[in-house]
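Here is a guided walk through one protein chain and the two molecules that sit with it. Keep the picture open and find each residue as we come to it.

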Amino acid sequence: MTQQFDYDLVIIGAGVGGHGAALHAVDCGLKTAIIEAADMGGTCVNRGCIPSKALLAASGRVRELRDQHHLQSLGIQLGQVNFDRGQIAAHADNLVDTIRGNLTNSLTRLKVEIIHGWGKVIGNQKVVVKSDAGEQTITSRDIIIASGSVPWVPPGIEIDGRTVFTSDDAIRLSWLPDWVAIIGSGYIGLEFSDVYTALGSEVTIIEALDTLMPTFDPDIAKIAKRVLIDPRDIDTHAGRLAKKVTPGSPVVIELADVKTKEVVEVLEVDACLVATGRIPATDNLGLEAISVDTDRRGFIPVNDRMQVLSQGEVVPHVYAIGDATGKMMLAHAASAQGIVVVENICERPRDVNYRSIPAAAFTHPEISFVGLTEPQAKELAKTEGFKINTVRSYFKANSKALAESEADGLAKLIYREDTGEILGGHIIGLHAADLIHEVSNAVAQGQPVQSLSHLVHTHPTISEVIDEAFKRAATGFAH
Ligand SMILES: Cc1cc2nc3c(=O)[nH]c(=O)nc-3n(C[C@H](O)[C@H](O)[C@H](O)COP(=O)(O)OP(=O)(O)OC[C@H]3O[C@@H](n4cnc5c(N)ncnc54)[C@H](O)[C@@H]3O)c2cc1C
Ligand SMILES: NC(=O)c1ccc[n+]([C@@H]2O[C@H](COP(=O)([O-])OP(=O)(O)OC[C@H]3O[C@@H](n4cnc5c(N)ncnc54)[C@H](O)[C@@H]3O)[C@@H](O)[C@H]2O)c1
């Protein structure tokens, strides 16, 4: 370390992004500090991935044990299945405590300095931290901004935290409404509709776009509708904008036609979850001190090495990662970006390869994907002048899925016809969130379908669904 700085690296924000960067920085021998204004672990640990997966695990078990048709197909009969809402909520709470503790300990064990307070950049190698204890100025050779995001609530929607709420409150599962409207059919809307319907609530999904689950590959969205929406107590309104939402008993929701903006329907429900996306937490970070303007939506502009840009030019020594950059609002993407920053600081130049970062919705069954959807791949093929092929492999042809009596599902690969390079992988079905890694690792390593088709998979496993897709895709290539 150059003696003139207090630290080699200072990170603002101890979410998953900041944590990943800090651990890697220590590995690389950097003297590191992390500044956190609220809870260690940020959104993912306290209000996101972790508690939501705990709720999904418990409610998923309730759904499974109440699915008499499925159990009977396995020769099982079960009496009434009961659950305790409070204890399910406590399971999520306890898990948050454990993971937050583990995360904090992993930092202290490695001697990362944890500084509590609000961090603000006052120069490209200087940060001020404000806390109840006062103000402290810190110098650092490099700075990472990992300030994360908060829920976005559209104008016209009033939040009271009890009858109209965002995921920040839903995660507490403080009550179970008989009828809950969910605005937005993205990840949060989908995962919470899984939780609520499993625990007996009636759900109404409101989506502004014409199709539900608009970011998924169309084939996957179609199956998702068939298995996650249609058979459940879910009513849907696509192409409808939630224009005004008034909390109370009942909650009143005015739905407008997306095109005309005219109110066409009014719903009265017990509760409303607003899951309409997230916005970056980039106010009051001192970005003006380094002449950085956020984009129209408030995201910090960065290049693929996560260097912060000011009017297109790199601001020396300042990096940003995670939700604050809006590149891919996922915990593992934030952490991967943090590792890339540290590699660059340590003069081992590295870019983030977004095409190989997988994503999953932890519904029952799960949905996962990596890379491009078919419409996106077609667009790219048109621009760059190549052809694409697609193959589909079905869970109903997989012995393990049939043994589990869970044969609803599909794996789809999109690849270049000329080279066999995989452009996208999409899965819906049992363990999809784990299965996707075989595809994402292949994308990261640039392995074409021809070589992937020779890999051997254990029989009988669900992974053979992917094996089958690789083999089908390789047909037509000389081996
Ligand atoms: C309900 C829900 C479920 C989710 N599930 C998943 C999932 O299953 N998988 C997945 O990959 N992603 C999931 N996500 C998304 C994931 O939580 C985020 O992508 C991830 O938390 C982003 O990490 P981050 O480090 O960029 O920011 P954050 O986790 O938001 O952390 C930023 C931290 O910075 C602190 N901070 C901000 N400004 C300052 C400042 N000036 N000074 C000091 N501290 C500051 C904040 O207090 C916060 O602790 C979910 C999100 C939600 C809401
Ligand atoms: N499993 C996971 O990885 C996971 C889980 C939860 C959240 N997340 C992350 O959290 C972020 C936020 O999730 P999200 O589901 O809130 O956002 P999202 O952007 O995925 O979906 C929001 C949806 O709300 C719709 N919408 C917006 N305003 C509306 C209105 N007024 N009326 C009707 N519909 C409206 C949009 O068209 C969109 O489809 C995501 O970007 C995701 O990366 C990830």
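**A tour of helices, ligands and odd bonds**

Helix 1 crosses helix 9 in a right-handed way. Keep in mind that you're looking at a predicted model. The axes of helix 1 and helix 9 come within 7 Å and make an angle of roughly 35° where they cross. Which residues touch here? From helix 1 the contact uses V16, G17, G20, A21, H24 and A25, while helix 9 brings A331, A334, S335, G338, I339, V342 and E343. Sort the residues of this contact by class and you get seven nonpolar, five polar and one charged.

Now hop over to another pair, helix 3 (residues 49-66) and helix 5 (residues 85-109). Their axes are 8 Å apart, and the helices pack at an angle of about 145°. This crossing of helix 3 and helix 5 is right-handed. On the helix 3 side, look for I50, P51, A54, L55 and A58; on the helix 5 side, look for I88, H91, A92, L95, V96 and I99. What's the mix of classes in this contact of helix 3 with helix 5? There are 10 nonpolar residues, one polar residue and no charged ones.

Time to meet the ligands, starting with ligand 1. It is surrounded by 37 residues, and the closest are E36, T43, K53, G119 and D323. Where do the residues of this shell come from? Helix 1 (16-27), strand 2 (32-36), helix 2 (42-47), helix 3, strand 4 (118-123) and helix 9 (331-345) each give at least two residues to the shell around ligand 1. Helix 2 supplies the largest share, with four residues. You've already met helix 1 and helix 9 as a crossing pair, and here both of them turn up again around ligand 1.

Zoom in on a few atoms around ligand 1. An N or O atom in the side chain of E36 is 2.6 Å from an oxygen atom of the ligand. The backbone joins in too: a polar backbone atom of C44 is 3.2 Å from an oxygen atom of ligand 1. At V16, a backbone N or O atom lies 3.4 Å from an oxygen atom of ligand 1. How much of ligand 1 does the protein bury? On its own ligand 1 exposes 1000 Å², and the protein buries 93% of that. As for the classes in this shell, there are 16 nonpolar, 15 polar and six charged residues.

Ligand 2 has its own surroundings. Here 26 residues make up the shell, and the closest are E191, E207, G277, M329 and A360. Start with E191: a polar atom of its side chain lies 2.9 Å from a nitrogen atom of ligand 2. Then find G277, where a backbone N or O atom lies 2.9 Å from an oxygen atom of ligand 2. A275 has a polar backbone atom 3.5 Å from an oxygen atom of ligand 2. The protein covers 80% of the 850 Å² of accessible area that ligand 2 has on its own. Which elements give two or more residues to this shell? They are helix 7 (187-198), strand 10 (202-207) and strand 12 (240-246). By class, the shell around ligand 2 holds 16 nonpolar, five polar and five charged residues.

Next come some backbone oddities. Most peptide bonds are trans, and most residues other than glycine have a negative phi. Now look at the bond joining H364 and P365, which is cis, with omega about 0°. P365 sits in the loop between strand 19 (359-361) and strand 20 (366-371). Another cis bond runs from H459 to P460, with omega near -5°. You'll find P460 in the loop between helix 13 (449-452) and helix 14 (464-474). And then there's L173: its phi is near 45°, a positive value in a residue other than glycine. Look for L173 in the loop between helix 6 (167-170) and strand 9 (179-183).

One last stop: T139, which lies in strand 6 (residues 134-145). Which residues does T139 touch, leaving out those up to four places away in sequence? They are Q4, F5, D6, Y7, Q125 and K126. G298 is 159 residues from T139 along the chain, and the C-alpha atoms of these two are separated by 26 Å.

Methods. Residues numbered from 1 in each chain as written. Chains lettered and ligands numbered in written order. Predicted model: local features only at pLDDT ≥ 70, side-chain atom pairs only at ≥ 80, totals over all residues. Heavy atoms only, no water. Axes fitted to C-alpha atoms, helices over the stretch in contact; angles between N-to-C directions. Left-handed = near helix turned anticlockwise from the far one by under 90°. Contact = heavy atoms within 4.5 Å. Nonpolar A, V, L, I, M, F, W, Y, C, P; charged D, E, K, R; others polar. Near = heavy atom within 4 Å. Polar contact = N/O pair within 3.5 Å; in protein donor to acceptor, adjacent residues only side chain to side chain. Areas by Shrake-Rupley, 256 points an atom, 1.4 Å probe, with all protein chains shown as cover.
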